[in-house]
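Colleague: Got a minute? I'd like to go through this model with you.

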Amino acid sequence: MRTLIQRVNSASVSSKGELVSSIGKGLLLFIAFEKSDTQEIVRKSMEKTVLMRIFSDSNDKLNLSLKDTGGEVLAISQFTLASDCTHGHRPGFDNGLRYNEAKPLYEYALKCLNDLMPSSVKSGLFGEDMQVALVNDGPCTFMLDIRA
């Protein structure tokens with residue numbers, strides 16, 4: 001499972017010209033599922049994401065987590081993060097989990113986030129074409145890659 005974590009001042013997602021979700025200060029998550037992923041991996045990834053100390057404290061040190069700050073989460077499924085770009089010029093997607101297997105894991109990731117951060121979690125539309133807008137804070141971006 002790969003999660004691209006972006007600390008944001010704001011973020012939104014639209015589809016077909018309609019606003020789907022938006023957040024203020026918090027984290028924008030782009031999530032990709034791979035063939036070896038399980039609910040245990042998803043749970044660990046979401047817990048780590050919410051508890052990562054990537055927000056500044058009063059001394060401008062990265063000592064606070066999303067949970068500490070009470071920020072919001074916008075979680076977007078992004079199949080292309082599971083790509084392999086090491087061979088040739090076209091990304092390979094053999095390791096990415098297919099739609100019907102990835103969707104339940106995405107829904108489980110949202111459940112985990114909601115359990116950890118009640119009423120602070122928004123999402124995109126699974127498997128849909130979306131437009132994402134963000135104001136990156138920092139910029140501060142992390143790649144979390146948890147594997148079996």
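Modeller: Let's take E34, then the largest pocket. This is a predicted model: local features need pLDDT of at least 70, side-chain atom pairs count only at pLDDT 80 or more, and totals for chains, interfaces and linings use all residues. Residues are numbered from 1 along each chain as its sequence is written, and side-chain values use heavy atoms, with hydrogens and water left out.

Colleague: Where is E34 found?

Modeller: In the loop between strand 3 (26-32) and helix 1 (39-51). Helices (H or I, at least four residues) and strands (E, at least two) are DSSP runs, numbered from the N terminus.

Colleague: Is E34 buried or exposed?

Modeller: Buried, with a relative accessible area of 1%. Buried means under 20%, exposed over 50%, partly exposed in between, with a 1.4 Å probe and protein chains only.

Colleague: Which side chain makes a polar contact with the side chain of E34?

Modeller: That of N95, at 3.1 Å. The E34 side chain also reaches the backbone nitrogen of M1, at 3.2 Å. A polar contact is a pair of N or O atoms within 3.5 Å; within protein, one must be able to donate a hydrogen and the other to accept it, and residues adjacent in sequence count only if both atoms are side-chain atoms.

Colleague: New topic. Which element gives the most to the lining of the largest pocket?

Modeller: Strand 3, with three residues. On a 1 Å grid over the protein atoms alone, a pocket is an open set of points where a 1.4 Å probe fits, with protein on both sides within 12 Å along at least five of seven lines; lining residues have an atom within 4 Å of a point.
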